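Work through the following exercises with the sequence and the coordinates side by side. Each task is followed by a solution that proceeds step by step.

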Amino acid sequence: MSKKTDQHKDKINTETWLKFIKLAAPRKRLIISLIVVLIIVAILESISPIMVRYAINHFIKYNITDGLIVYSIIYLAIVVAISFGTKSWLKLSGRIETEMSYNIRKKGFEHLQNLSFSFYDRMPVGWILSRMINDVTRLCETISFGIIDFVWGGFTIIVILAAMLIMDFKLALIAAAAVPIIIAITIYFQKRMLRTQREIRRLNSEITGEFNEGIMGARTTKTLLREKENELEFFATAEKMNCRSIEASRMAAYFLPAVSIIGMIVAALILVLGGEAYTQNLIEIGTIYALFTYTLHLWDPIRQVAGVFRELQAAQAAAERVITLLNEPVEITDSAEVLKKYGAQDGAGEQPWPKIKGTIEFRNVTFSYVDGEPILENFNLTIEAGQTVAIVGETGAGKTTLVNLACRFYEPQQGQILIDGYDIQDLPQVWLYHNLGYVLQTPHLFNATIADNIRYGRLDASESEIKNAAKFVCADDFIEKLENGYATLAGEGGSKLSTGEKQLISFARAIIADPAIFIFDEATSSIDTETEKQIQDAIENILLNRTALIIAHRLSTVKNADLIIVLKNGKIIEQGSHIELIKAKGEYFNLYTGQFTIDTNI
Ligand SMILES: Nc1ncnc2c1ncn2[C@@H]1O[C@H](COP(=O)(O)OP(=O)(O)O)[C@@H](O)[C@H]1O
Ligand SMILES: [Mg+2]
């Protein structure tokens with residue numbers, strides 16, 4: 001994904017973050033509660049030096065203990081309140097974080113389901129997953145910690161400076177003057193540290209890549225005598241990474257002392273000037289103590305606040321990626337007119353959904369996946385209702401493309417695909433999927449029971465309907481023989497099902513909705529002879545009274561078809577029945593006599 005890889009901008013883009021927060025939509029109530037709790041905690045935490053100041057000025061200086069108990073109780077109450085506050089902001093921020101990632105993932109999931117196939121051609125699934133899992137986790141964490149650090153840090157700074165200014169205006173100004181200097185130093189170092197960190201991350205992924213290549217390509221490397229060169233390349237990258245890592249530690253090593261030194265200087269100035277004022281009876285000793293403590297505590301919140309900006313900067317690219325993904329336009333949608341006319345459900349629009357008979361027509365269809373590389377040009381084909389059409393042809397001929405278009409997974413650049421004379425773009429997508437049963441070449445079973453996998457075809461199907469569907473496609477026998485019958489787990493988690501068995505289950509899933517059109521990309525290989533027979537019987541049952549478009553690899557399927565289309569480079573080069581085509585001694589004859597090893601791609 002070279003065009004999408006991390007393009008970092010150093011400025012914080014408020015718009016991006018606002019957009020992200022809007023997508024994540026945490027409840028305002030939670031955020032406001034968090035902010036209020038943080039402000040209270042910041043204030044309470046900053047009270048301590050004032051309390052000590054009071055103790056010194058009143059109890060210690062005059063050596064009295066009257067009122068010490070009340071004082072202690074107040075002090076204790078503050079400490080308890082702080083610990084309660086801390087507990088509740090931790091809880092609140094955790095809830096905000098979870099809520100945000102849940103909301104974004106939910107939106108993402110819904111959106112990803114709606115996106116067209118062409119989107120998935122451009123975006124590798126791994127890339128999408130990484131956005132939705134890693135980026136979202138990191139961003140939500142960044143935001144919830146960002147709120148904490150920013151509000152807590154910001155208020156602590158304000159409270160400390162205010163308290164100092166009230167206590168002693170002149171001395172407080174010294175501290176206040178140092179604040180911008182510390183901020184400047186922090187920003188300077190953080191910017192540089194961020195840059196080296198990014199560089200380190202980039203080099204790290206480069207190293208991983210080279211490592212991977214070194215392992216995966218070991219055999220090739222050895223035979224081509226490239227070991228030495230690969231090694232040198234790897235070492236060079238590793239060396240660069242080493243240098244950058246050292247640089248990063250050095251920067252960190254300079255940063256803290258630099259801030260500390262300035263802090264110390266300010267603290268020392270306060271002690272010296274405060275001491276002088278004390279000798280002239282202008283200031284009390286407790287106040288000097290409080291000012292001194294505040295000065296020492298002022299730098300940490302500054303670093304926290306600066307850290308928020310650094311984190312936002314670092315995560316900005318990720319935020320942009322997630323936003324782009326969630327805003328990716330859905331290419332194939334029902335137009336406003338279609339929705340108005342037919343509605344998203346039958347009966348919801350001005351007109352009822354048309355009853356399907358099942359004629360499919362490709363009319364002057366021109367289609368390309370990639371601009372300028374047409375797969376089909378002015379393609380015409382009509383399949384009558386109830387007819388079974390088998391499509392044969394070598395790999396890359398365009399068979400799957402035809403199916404993709406008929407299912408409206410893609411839309412043609414020119415021409416139309418019509419069902420019963422209606423352009424499918426003029427009908428709701430849901431209408432099409434209600435009337436269409438589609439079985440993929442490599443059937444996908446979900447990580448659920450077999451019954452649920454079949455039910456996926458029609459969610460309100462009853463147990464007996466599921467069983468009937470399975471019987472209809474000759475899958476009942478083998479399912480009943482499984483350890484837990486229909487309750488056996490299929491899919492990634494549980495299955496020890498063969499490809500053929502999976503195919504039978506996906507037949508049942510496709511047929512349970514009783515579609516008028518059946519589309520089937522036949523599996524090429526690895527079907528044992530026993531299931532082969534069952535599949536054959538199943539197909540025969542399914543095809544009865546249905547329009548079918550079948551990409552056929554097995555001779556038995558092809559032979560029984562009403563019409564056989566031989567496709568080559570997106571063009572129909574022969575068509576007819578099995579007998580006719582054999583007699584013609586053309587391409588079909590060659591394919592047929594060549595043992596029908598037409599398409600070996602999966
Ligand atoms: N998603 C896609 N993006 C770009 N090109 C594709 C895509 N799918 C298929 N093609 C190309 O379209 C042509 C026809 O492919 P396809 O319809 O899958 O053929 P078949 O199913 O007959 O093997 C091939 O040249 C293939 O490389
Ligand atoms: Mg194919």
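**Exercise 1. Compare the radius of gyration of the chain with that of a compact globule of 602 residues.**

Solution. The reference comes first: a compact globule of 602 residues would have a radius of gyration near 25 Å, whereas the chain has 36 Å. Bear in mind that this is a predicted model. Next, turn to the principal axes, along which the C-alpha atoms of the chain fill a box of roughly 120 × 65 × 50 Å. As a last step, consider the surface, where the chain exposes about 31,700 Å², with 59% of that area supplied by carbon and sulfur atoms.

**Exercise 2. Describe the secondary structure, burial and contact pattern of the chain.**

Solution. Begin with the elements, which number 22 helices and ten strands. Then take burial: of the 602 residues in the chain, 45% are buried. Finally, restrict the contacts to those between residues at least 6 apart in sequence, and 77% of these turn out to join residues at least 24 apart.

**Exercise 3. Characterise the shell around ligand 1 and the polar atoms that approach the ligand.**

Solution. First identify the shell, which consists of 14 residues, with D121, G396, K399, T400 and T401 as the closest. Sorting the shell by character gives four nonpolar, six polar and four charged residues. Sorting by element instead, one finds that helix α12 (residues 399-406) contributes the largest share, namely three residues.

Now examine the oxygen atoms of ligand 1. One lies 2.6 Å from an N or O atom in the side chain of T400, and a polar side-chain atom of K399 is found 2.9 Å from an oxygen atom of the ligand. The backbone takes part as well, since a polar backbone atom of A397 is 3.2 Å from an oxygen atom of ligand 1; each such pair is counted as a polar contact because the cut-off is 3.5 Å. As for coverage, ligand 1 on its own has 560 Å² of accessible area, and the protein covers 67% of it.

**Exercise 4. Is F472 buried, exposed or partly exposed, and why?**

Solution. Locate the residue first: F472 belongs to helix α15 (residues 463-472). Its relative accessible area is 32%, and F472 is therefore partly exposed, as that class lies between the limits of 20% and 50%. Then list its partners: with neighbours within four places in sequence set aside, F472 is in contact with I511, N541, I542 and R546. For one of these partners, I542, the sequence separation from F472 is 70 residues, while their C-alpha atoms are 7.9 Å apart.

Key
Residues are numbered from 1 along each chain as its sequence is written. Chains are lettered from A and ligands numbered from 1 in the order in which they are written. This is a predicted model: local features need pLDDT of at least 70, side-chain atom pairs count only at pLDDT 80 or more; totals for chains, interfaces and linings use all residues. Side-chain values use heavy atoms; hydrogens and water are left out. A residue is near a molecule or strand if one of its heavy atoms lies within 4 Å of it. A polar contact is a pair of N or O atoms within 3.5 Å; within protein, one must be able to donate a hydrogen and the other to accept it, and residues adjacent in sequence count only if both atoms are side-chain atoms. Accessible areas come from the Shrake-Rupley method with a 1.4 Å probe; for residues, only the protein chains shown count as cover. Helices (H or I, at least four residues) and strands (E, at least two) are DSSP runs, numbered from the N terminus. Ala, Val, Leu, Ile, Met, Phe, Trp, Tyr, Cys and Pro count as nonpolar, Asp, Glu, Lys and Arg as charged, and the others, Gly among them, as polar. The radius of gyration is taken over C-alpha atoms; the globule rule is 2.2 Å times the number of residues to the power 0.38. Buried means under 20% relative accessible area, exposed over 50%, partly exposed in between (1.4 Å probe, protein chains only). Contact means heavy atoms within 4.5 Å.
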